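Here is a friendly walk through charged pairs and a nonpolar surface area in one protein chain. Have the viewer open as you read.

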Amino acid sequence: MRKPNIGVELLLLLSLSTSLVMSQTLTGKVSSEGTAVIGANVRVNATSKGTTTDSKGKYTLKLDPGTYDVTFSGIGYAAKTVNVTLGPNEEKVLDVELQTKAVELQGVVVVGTRAATRTVHDSPLPIDVIDVSSFIATGHLSFDKALQVRVPSFTSTNTPVNDATSLLDPYEIRNMGPSRTLMLINGKRKNFSSLVYIQNSVGRGETGADLAAIPVAAIKKIEVLRDGASALYGTDAIAGVINVILKDNVDKTTVNLQTGATSKGDGNVYQIDMNTGSSLKNGGFTNFTVQFQHQNKTQRSGKVDIAAELDPDLGLSSDTALVRRFLSKYPDGKNVAGTPDVTAGSFAANVSLAVGDNDEVYGNAAYVAKRVLSFANYRQPYWKQDPNFLLHQPGEEYIGYHPTFQGDLEDYNATIGYRTKKNDWKVDISATIGGNKQLYTVEGTQNFSLGPNSPINFKPGGYGFSHIVGNIDVTKALTPTLNAAIGSEIRNEEFQMFPGDTASYSGVGANSFAGIRAENAILADRYNLGAYLDLSWDVTDQWLLNATVRGEQYSDFGEAGVWKLSTRYKFLQDKLVLRGSAATGFRAPSLNQIYNQVNQYSFGQGTIVISGLASNVSKAAAKLGVERLKPEHSFNLTAGVGYSPSREINFDVDYYNILLKDRVVLSTRLSGPQTGTKLDALLASSGVSDVAFFINGVNTRTEGVDFNASVKNIELAGDYYLNIGLAGNYNSATKEGNVITPAPIAAAGGVIYNKTEESYLLTSRPKYKGTLSIDLVQSQWGLTLNNTLYGPATFINNDLRAIDRRIDNPNATTSARIVFDTKVLTDLVFNYRLSETVTFIVAADNILDVLPHYKLENLPTGADYIFGRQLSEQQIRALIDFNGRYSLTSYDGSHFSINGTTFLVSLNVSF
C-alpha cells in the first residue's frame, strides 16, 4: 500500500482551497433612471478592494466568502451602500439603482441661493459642473488651463514678458478681470494673491486668487456660477463664482506619474501626486493629497531684426559691425520669450468628523510652495555695457548679460467649521484663514548708479496678503415651499510690501527689476462686516422665486447694500426650464490696488524706461488731482433657457448684461511735456520717465451669450459609446461715458486713460470662444478629441498711438490696431485601462501646432507722428515686438499660448 505523501496532499488541499476562495464573484449593473452609469465607483468598505463600472455600467468583483458593505457612488448621484453575503463558490448578481442628487458637498452648494439645495437643471442661474475626469480628458496639468478648455467664458493665458506675472497667470470670466471672480473652496472664500498685475499686458491693474494653490489631484469637481453673486457672497463676485470641491473619497489611494514636453523639445514637465482617503467612525472621513512638479522653460523668442536694431530711432546701437557679428552668431539675440521654469510642491486635506447623529466638525486646508525662474530681456553687448567687469572677466569677449527673475511664492488656506441640524434648523459656523506671500530675487545684472560697487545679485523685496474670515449661516424650511437663510461674515485683510535691499533700489535700481524702496514698504489692513437674508419660494411645483439682500460695512469705505432677484419656471414635465435674474453688486478696491507704490522697467517706443506706480493715497496722486478710490457698483441681468429631455441630453442658452460703474483700473503711463508743469516736477523728483495711478476711471457694459449642449452615452455597435459636447461664448464689452482727466494732468497734455488701456480692458480677450469635445468610450479604453475656437482679440499699444493720432481722436471711426486671427486648437487624449487599478494616458495638446498670428489693421497712410518720419509696416512691427524679439505675440500678449504642440504621458495607479 502506497504511503501518503503528506507534502503533496497539503499542496493539493491548498490549491483546492485557493480555487474555492477565488471563485466567489459579485457582478451586476449600476444604473439610474434606466440608464447605465459609466465610471461609477464600487468600493468594498473596510478593504482595499474596489472597481469602476464599464461603458455598459457593469462591474465584477472577486471576494473571499463573507459579509461585506459595498458602496456604489458617482458624480451627481447619491451614494448607496448595500450589505452583501457571499458563500463559498457563490456567484451573486447585484444590480443597483442610484438616485440623482443636487450638486452639493455636505450641504454647501453654489446654486444661486443659500436657502435650499437644488440640482443644476433646477437652479434659477447658469452653472457649469466639471468633475475631475473631465479635467483629465483635457490633457492639461494645471487647473486654470483645463478649465479654459471646459468653460468657454473662462480664459487664462501666459504673458510674454514675465517678471512677477510669471508666478500666476491672469484669468477671468466673461472678460471681467480676475478681481471680479470670487473663488471658494468647499463653499468658503479663498484668499487673493498679493500681486497686482502692472505690466502692459492682459490683466493690467488686476489681482486674483492663485488657481494653482490647489493640486488638481485633490479636486473632486468644480462648480462655476456664471452670474453675479455679491448679494450671496459679498465683494468680488460680480462676474461669477468658482467653487472648488475637494475629494471626499475613502479607503482608496491613487498615485499619478506624469511627464511630457513640447514638440520643440523644451518645456519638459515631471509631476507626481498621491491622493488617499480613509473612513472614520460614525461616518467621518479624511482625505489627503500631495503633489510635486517641475517644469522647464520654453523658448519662443523671434529672430532679431538687424535693420531695426541699427535704426537710429528703433534700434539700440549704431555699431554696425558689432550688431551684425553678434546677431549672426545669436539670431534671437540670446533673448528668452516663453513660459518660465517652475518647481512646486503642494498639499491639501479635507476632513469630516461626525459628532452624534446630527452634528459634524469639518475642515480643509491647502498649501503650495512654488519657485519660478523667468528672464528679463537679454542685454546685448551693443545695448548695455559692463565697464566695471562685474559680469565678465577682463580680457574675455563680452557678450552681454541676461538678468534673471526668481519668485518664491507661498500660498495657504485653511477652514475649520461646525455644522448641526436640530428641529429643521441647519447651522454652519466656520473660521477661515488664508495668505499669499511672494519674495523676489534678481541675479546676473547690476545697478549702474553704484558703479564698481554694485552687486550683481539683488533682493528687490516682495508682497504679502492675508485674511481671516468668520462665517455663520443658518437655514430653515419655514414651510414645505418656503426656505430661508440668514448669515453673516466678518473679514480682516492685511497687505504688506517688503522692502528690497538698498542696492536694489538706490539710484536707477537693479537693471531689469528695481526693488521696493524702504519708505514705500507698508503694512495696511482693514475689516468688514456683512450680513445677508435669502428667501426661496416654490410658488408652485414649476415656479420658483428667489430673493437675497445683503449689507456690508467696511472700515475704509463705509456701507454698501446689494440685492438679487431670480426666478425659474419649468415646462414639459420639468424638461424645459426658463430662468432669469436681476442683481446689484459691488467690489471694494483691493488693498494692493490702493497702497502699491513701486518703480519698474518697461518697454516703449524702442527703448527701456523706468515707470513709476504711485499709491492712490500718496501725495503725488493728490497733487495731480487723482481722487481716492471708491467701490465699484454693478447691475446684472441674465435670462436663459434650459432643455433636458433625459439625463443624456442637455441644452442651455443664457444671455447676460453687466453694467459696471466706477471700475477700478490702472491709468495710462503719464509722461510730462518738459514745460515746467506739475507732472514734469513730479517725474523729475521721482527719477522716473512716467507714472501711473489706480483710478475709478471707467464705466463699462459687458454683454454676451453662453451656449452649452451635450449628448451622452450614445450607444454604438458593439461595446462602444459616444459623448458629444458643444459650448460657446460670445462677449462684447464697451466703455460708457468719458473718462475725466484731472486738471493738472490735462494741463500737461496728458490723458489719464487712453485707448491703449481701454484695449487691455475690453478687447484683449477673444471676442468669441467655442469648444467641441467628442469622447469615444469602450470598456477598456477611451479616446477624447477636444477642439477649442479662439476668436479675434485686439490690442492698441502705446507705440501705435504714437504713430496714429486718430487713436486719441474721439471722432475717428477707425485707427491702427493689432488684431489676432481666429484660430482652432485641437487636443487628442487616449486612455487605456491596463487593469482594474492601472490606467495609462497619452495626450497631445494643440496637436496641429497652431500658433498665434496677428495683423496690423488701419495703419495711417499719411505722415506718421513718431520720430518725425514715416515708418514702413515692417518698422512698425519692429516697434511693437521689440525688433522681432516677440514676433509671435507683440509685447502685449496674445489670446492663447505660444508653446505649440505639447505631449503628456500619465500613469494612474489605484489601490
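The notes below cover salt bridges, one unpaired acid and a surface patch.

**Salt bridges**

Please keep in mind that this is a predicted model. By the rule used here, the count comes to 42 salt bridges. Side chains of opposite charge can pair when their charged atoms come close. Three of the pairs are set out in this table.

| Pair | N to O distance | Separation in sequence |
|---|---|---|
| Lys370 and Asp210 | 4.0 Å | 160 residues |
| Arg587 and Asp236 | 3.9 Å | 351 residues |
| Arg371 and Asp408 | 2.5 Å | 37 residues |

Start with the salt bridge between Lys370 and Asp210. Lys370 belongs to strand β21, while Asp210 sits in the loop between β14 (188–189) and β15 (219–225), so this pair ties together parts that are 160 residues apart in sequence. Both Lys370 and Asp210 are buried.

Next comes the salt bridge of Arg587 with Asp236. It links distant parts of the chain, with Arg587 in strand β29 (residues 576–587) and Asp236 in the loop between α4 (230–233) and β16 (240–246). Arg587 and Asp236 are buried as well. The two also belong to a network of salt bridges, whose members include Arg180, Glu206 and Glu632.

The third pair joins Arg371 to Asp408. Arg371 lies in strand β21 and Asp408 in strand β22 (residues 404–422). Is this pair buried or partly exposed? Arg371 has 44% relative accessibility, so Arg371 counts as partly exposed. Asp408, at 23%, therefore counts as partly exposed too.

**A buried acid without a salt bridge**

Asp359 is placed in strand β21 (residues 359–375). What is the nearest side chain of opposite charge to Asp359? That is Lys422, 5.1 Å away, and Asp359 is buried yet has no salt bridge. The side chain of Asp359 does make polar contacts: one with the side chain of Thr420 at 2.3 Å, and another with the side chain of Tyr418 at 3.4 Å. Beyond four places in sequence, the residues that Asp359 touches include Leu353, Ala354, Arg419 and Lys421.

**The nonpolar patch**

Turning to the surface, a nonpolar patch covers about 930 Å², and among its residues are Leu257, Ile272, Met274, Phe347, Tyr412 and Ile468. Two elements, β18 (269–279) and β19 (285–295), give two or more residues each. The largest share, three residues, comes from β19. Ile272 is found in strand β18, and with 40% relative accessibility Ile272 counts as partly exposed.

Definitions and conventions:
Residues numbered from 1 in each chain as written. Predicted model: local features only at pLDDT ≥ 70, side-chain atom pairs only at ≥ 80, totals over all residues. Heavy atoms only, no water. Patch = residues over 30% accessible without salt bridge, like charges linked within 9 Å, V, L, I, M, F, W, Y side chains within 5 Å. Areas by Shrake-Rupley, 256 points an atom, 1.4 Å probe, with all protein chains shown as cover. Buried < 20%, exposed > 50% of the residue type's maximum accessible area, 1.4 Å probe, protein only. Lys, Arg positive; Asp, Glu negative; His and termini not counted. Polar contact = N/O pair within 3.5 Å; in protein donor to acceptor, adjacent residues only side chain to side chain. Contact = heavy atoms within 4.5 Å.
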